[in-house]
Protein chains: 2
Amino acid sequence: MFEKIDLSKQIEKKEYNKIMKDIEIRLGQLQREAKDKGVPVIVVFEGWDASGKGRIINELILPLNPRYFSVFTMHEENEEEMRRPFLWRFWTKTPEKGDMAVFDRSWYRRIMDDAAEGIVKGEALETSYGEINSFERVLYEDGFIILKFFLHISREEQKKRQERMGKNPATAWRIRESDKRQNKKYEAYMQAMQRAIEETDTERSPWTIVECEDYRFGIIKTLMSFIEGMETGLARIDRQREIVANAQIIRNMRSQEPHETAGNGSSLKLNGIKSSVIDKVDLSLSMDKQEYEKRIAKLQCKMRLLGNELYRAKIPVVIVYEGWDAAGKGGNIKRLAASLDPRGYDVVPISSPNDTEKNHHYLWRFWKEMPKTGHIAIFDRSWYGRVLVERVEGYCSEAEWKRAYREINDMEEHIVNFGTVFLKYWIHIDREEQLKRFNQRAADPNKTWKISDEDWRNRYNWDSYKDAVDEMLFRTSTTFAPWTIVESNCKRYARVKVLEHTIDEIEKALQKR
Amino acid sequence: MFEKIDLSKQIEKKEYNKIMKDIEIRLGQLQREAKDKGVPVIVVFEGWDASGKGRIINELILPLNPRYFSVFTMHEENEEEMRRPFLWRFWTKTPEKGDMAVFDRSWYRRIMDDAAEGIVKGEALETSYGEINSFERVLYEDGFIILKFFLHISREEQKKRQERMGKNPATAWRIRESDKRQNKKYEAYMQAMQRAIEETDTERSPWTIVECEDYRFGIIKTLMSFIEGMETGLARIDRQREIVANAQIIRNMRSQEPHETAGNGSSLKLNGIKSSVIDKVDLSLSMDKQEYEKRIAKLQCKMRLLGNELYRAKIPVVIVYEGWDAAGKGGNIKRLAASLDPRGYDVVPISSPNDTEKNHHYLWRFWKEMPKTGHIAIFDRSWYGRVLVERVEGYCSEAEWKRAYREINDMEEHIVNFGTVFLKYWIHIDREEQLKRFNQRAADPNKTWKISDEDWRNRYNWDSYKDAVDEMLFRTSTTFAPWTIVESNCKRYARVKVLEHTIDEIEKALQKR
């Protein structure tokens with residue numbers, strides 16, 4: 001790929017000035033169009049050191065309205081970032097609808113620089129290609145436009161520029177050791193970069209290679225390709241919306257015509273054949289008060305010590321609670337967290353997303369809460385809402401919740417690969433127990449706030465939720481992050497089970513270090 | 001995932017008999033519907049030895065019309081298959097439109113059995129997951145329905161069944177050593193299988209895990225899930241076709257309304273900014289007759305020896321020729337092949353696909369021609385037609401040719417990973433040279449058959465082809481299979497260049513062994 005590139009391309013100043021005026025106008029138009037249509041845009045700049053990234057990015061953003069874009073310069077990870085899974089700092093920076101995020105260096109550092117330096121190789125490198133493709137695919141499918149530019153100069157040109165910068169006191173500070181190393185190891189870097197581009201050049205998020213030896217040419221080609229990419233991307237969004245609108249028009253037309261009789265005739269239903277995980281749960285498991293108090297005290301004591309050890313060993317922990325309304329999640333979480341140092345954990349309660357959150361990818365707000373090394377994040381409900389409440393209540397489309405299983409598994413695998421202990425608890429009660437608890441709550445003036453019309457409505461949809469729970473437990477019980485079902489008709493039993501299991505898993509992780 | 005499965009599920013005989021009648025009728029209906037709609041279907045059966053695959057497959061196919069399905073039992077590779085890249089035997093068996101292919105074991109053997117046995121691991125295993133996902137995605141995007149079943153029994157049940165089969169002389173021969181090993185290493189196999197399922201469970205081609213300890217339950221669940229999968233898949237195809245039809249209806253409606261003025265107003269064009277690889281080719285390169293004859297004789301002699309060495313070293317070679325009409329591909333191929341043993345190579349001329357080929361995925365006919373170890377396949381035109389003639393003449397949709405770059409790169413990478421030497425030549429002439437040759441052909445009664453109206457039409461579209469050629473050379477010049485541009489205004493120069501380059505690359509591959 002690289003050897004096919006003609007680096008001698010130039011543009012004359014007169015032509016440049018003429019065309020730049022039109023380009024600037026068009027850039028502004030396109031930004032407004034994306035804003036009006038609520039389309040989020042990600043622009044990635046990768047390329048050789050001294051290829052002129054800063055200058056080109058500047059030419060791109062100058063004509064834009066600064067309220068609707070952000071530029072992120074992703075140099076080496078800072079301390080805070082190193083303590084999070086690799087994709088964390090990128091996920092948290094994904095723009096909201098209508099906004100643009102420009103990345104000066106990006107997630108490609110890992111499969112370019114780190115691969116060239118041999119820091120990432122073999123199986124880990126293959127995994128990284130997959131993680132990056134998955135990251136971009138997930139955003140694309142949510143309606144993002146992703147444009148990627150690689151700024152290319154030759155080894156000789158790079159050397160010349162670095163020397164020139166080194167001689168000038170105003171710019172000398174900008175050359176770092178790593179930049180000089182890149183020039184020395186130009187061939188190895190080129191191999192790694194080319195491989196990275198091959199593995200990630202998709203029709204969803206294609207690469208543009210920009211010849212940058214002539215700076216005018218580099219600017220014009222970048223901006224023109226940006227314009228083309230935005231036009232293509234916006235046309236795709238238009239087309240998708242048109243499809244939905246067309247279907248509505250046709251439906252309206254049809255509804256005025258006489259009805260056809262249904263021709264399908266399939267009356268076969270899969271009831272009872274489906275795999276039900278929760279049908280078989282033994283809810284009679286229980287524990288008397290005396291035993292409970294003895295055991296819970298011991299376990300909490302142990303948990304406190306483990307919390308400290310986790311901190312020293314720099315292991316992050318994610319604990320997810322999902323379960324039926326009134327299953328006892330809150331009380332269970334309290335018993336788990338009771339003995340922990342409050343500086344070492346966070347309980348993250350999840351309710352319906354607010355406006356800002358709705359304007360992002362649905363995973364965005366969860367990525368933000370992922371714990372750093374040594375910390376524990378306890379999620380009271382979670383991203384699994386996508387395949388539970390959002391599925392059942394129709395808050396997202398069928399295509400969206402169906403692809404969410406894979407999206408969630410990919411996210412969890414990435415976090416587990418970072419070294420995180422990942423625990424997921426399904427707090428389970430049966431329908432009768434729920435009714436009993438609802439009635440108790442309704443009767444107790446101190447608890448009546450805990451029960452809402454929504455709870456009753458969810459209860460009414462029990463069977464739909466049950467299907468969703470079963471499919472979730474099945475499709476997202478992975479080797480790296482399996483679900484644990486917690487029998488919770490007896491709350492005491494449930495609390496002890498969660499604490500015991502959590503302690504076991506943390507001890508295993510500590511032993512592995 | 002596996003530990004969540006309840007293997008005790010049963011179905012009573014009476015219920016079974018009742019429901020099977022409806023199921024059989026529905027299976028026949030769905031096969032006819034797929035046939036009528038021209039939808040190809042792939043059904044994969046994986047699972048434990050002795051889980052009852054044979055019986056279940058039988059129940060699936062008995063109600064079907066045998067003209068439109070094939071069952072492939074994919075046990076260990078035979079000698080012929082071992083000499084081809086791994087996916088070859090599966091690609092060549094992909095069904096044509098409206099047909100069904102049932103696989104008793106499949107491409108999953110590699111990431112299940114071979115992974116459990118440690119034959120495939122680490123980087124190679126990660127690569128295999130990617131290759132399999134790519135294979136299924138490519139078919140899905142072409143409109144295939146892919147349904148995958150994993151038949152599950154416990155270790156104890158497997159052992160019981162194997163012992164029972166061993167005692168019965170009628171079935172004892174069916175138990176192989178590898179089957180007994182599977183029972184001994186049940187845990188390792190389960191790990192590998194679960195991992196394989198996690199990595200390949202997508203909304204495009206999802207897995208169904210079937211509890212098979214009760215054979216009636218196993219059959220009913222498989223067939224019901226098959227029915228559900230077919231209904232979902234056919235509905236998807238209907239929806240996609242409806243989208244196209246709706247767009248047409250709406251277009252027709254709009255065309256009767258007064259025209260709106262175009263609101264976009266973008267007049268910026270990328271001409272001259274695009275990366276052109278071929279613009280810079282030095283077509284003045286030439287060679288006089290005397291030098292040519294001296295060198296070609298030497299090179300051909302060397303090529304003959306290398307052909308034999310390739311055969312002994314069991315290295316397969318793929319050579320692709322693409323180029324302008326009248327660029328001299330035919331003559332060039334002749335000089336390359338002249339000295340080779342005809343048992344060791346095939347020239348594969350590619351013209352427009354016939355009806356059978358059109359009914360398959362476009363890559364199918366090329367997979368069939370991939371050489372076995374020690375053999376050379378020379379393609380006179382190739383799969384690159386997808387991004388050249390099919391793109392320019394509108395024989396495929398924009399979405400189709402855009403995703404073809406990735407599909408082609410994935411295919412070539414898979415073949416190269418197998419150890420194949422992969423050479424691609426773009427035989428290049430300029431427009432003036434082509435005109436000269438066209439006129440010569442038209443004037444020479446012995447050559448006039450070589451020139452058609454189509455050639456003149458293609459020539460007329462030179463600029464569109466040039467864009468397509470440039471993008472092809474750029475997007476498919478990979479580290480593992482780069483293009484070589486052959487300056488061919490002087491045919492002698494071109495022939496020597498191809499022979500020299502081919503010899504160099506083969507020698508490199510031989511040295512690496």
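**Contacts and symmetry in a predicted two-chain model**

In chain B, the side chains of B:Asn489 and B:Asp430 make a polar contact at 3.3 Å. The structure described here is a predicted model. B:Asn489 is placed in the loop between strand 10 (483–487) and helix 21 (491–512) of chain B. When residues up to four places away in sequence are not counted, B:Asn489 touches B:Asp430 together with B:Leu283, B:His428, B:Ile429, B:Glu433 and B:Arg437. The separation between B:Asn489 and B:Leu510 is 21 residues in sequence, and their C-alpha atoms lie 32 Å apart in space.

The relation between the two chains was examined by superposition. A turn of 180 degrees, with a shift of 0.0 Å along the axis, lays chain A on chain B with an RMSD of 0.0 Å. The two copies are therefore related as by a two-fold rotation axis. Within chain A, the C-alpha nearest this axis belongs to A:Glu123, at a distance of 1.9 Å. Both copies use the same surface, in that 100% of the contact residues of chain A recur in chain B.

The contact between the chains draws on 73 residues from chain A and 73 residues from chain B. Between them, chain A and chain B bury about 5,900 Å², of which 55% is on carbon and sulfur atoms. Four salt bridges were found across the interface of chain A and chain B. A salt bridge joins the side chains of B:Arg475 and A:Asp201, with an N to O distance of 2.7 Å. Eight residue pairs in polar contact, with both residues at pLDDT 80 or more, were also found across this interface. On the side of chain A that touches chain B, at least two residues each are supplied by helix 1 (13–37), helix 7 (122–141), helix 11 (186–200), helix 12 (215–255), helix 18 (398–417) and helix 21 (462–475), as well as by strand 5 (207–211) and strand 10 (483–487) of chain A. Helix 12 of chain A provides the largest share of that side, 17 residues. By residue class, the side of chain A that touches chain B comprises 27 nonpolar, 19 polar and 27 charged residues.

Over all chains, a search of the whole structure yields 88 salt bridges. A salt bridge is formed between the side chains of A:Arg195 and A:Glu199, at 2.8 Å from N to O. Both A:Arg195 and A:Glu199 belong to helix 11 of chain A, where they are four residues apart, about one turn of the helix.

The annotation of chain A was also considered. An unreviewed UniProt entry lists residues 11–230 and 287–511 of chain A under "domain: Polyphosphate kinase-2-related". The span of residues 11–230 of chain A is 57% helix and 14% strand, and its end C-alpha atoms lie 23 Å apart. For residues 287–511 of chain A, the span is 54% helix and 13% strand, with 30 Å between the end C-alpha atoms.

How values were computed:
Residues numbered from 1 in each chain as written. Chains lettered and ligands numbered in written order. Predicted model: local features only at pLDDT ≥ 70, side-chain atom pairs only at ≥ 80, totals over all residues. Heavy atoms only, no water. Contact = heavy atoms within 4.5 Å. Buried area = accessible area lost by both parts, 1.4 Å probe. Polar contact = N/O pair within 3.5 Å; in protein donor to acceptor, adjacent residues only side chain to side chain. Nonpolar A, V, L, I, M, F, W, Y, C, P; charged D, E, K, R; others polar. Least-squares fit on C-alpha atoms with pLDDT ≥ 70 in both. UniProt positions renumbered as here; feature names shortened; annotations may be inferred.
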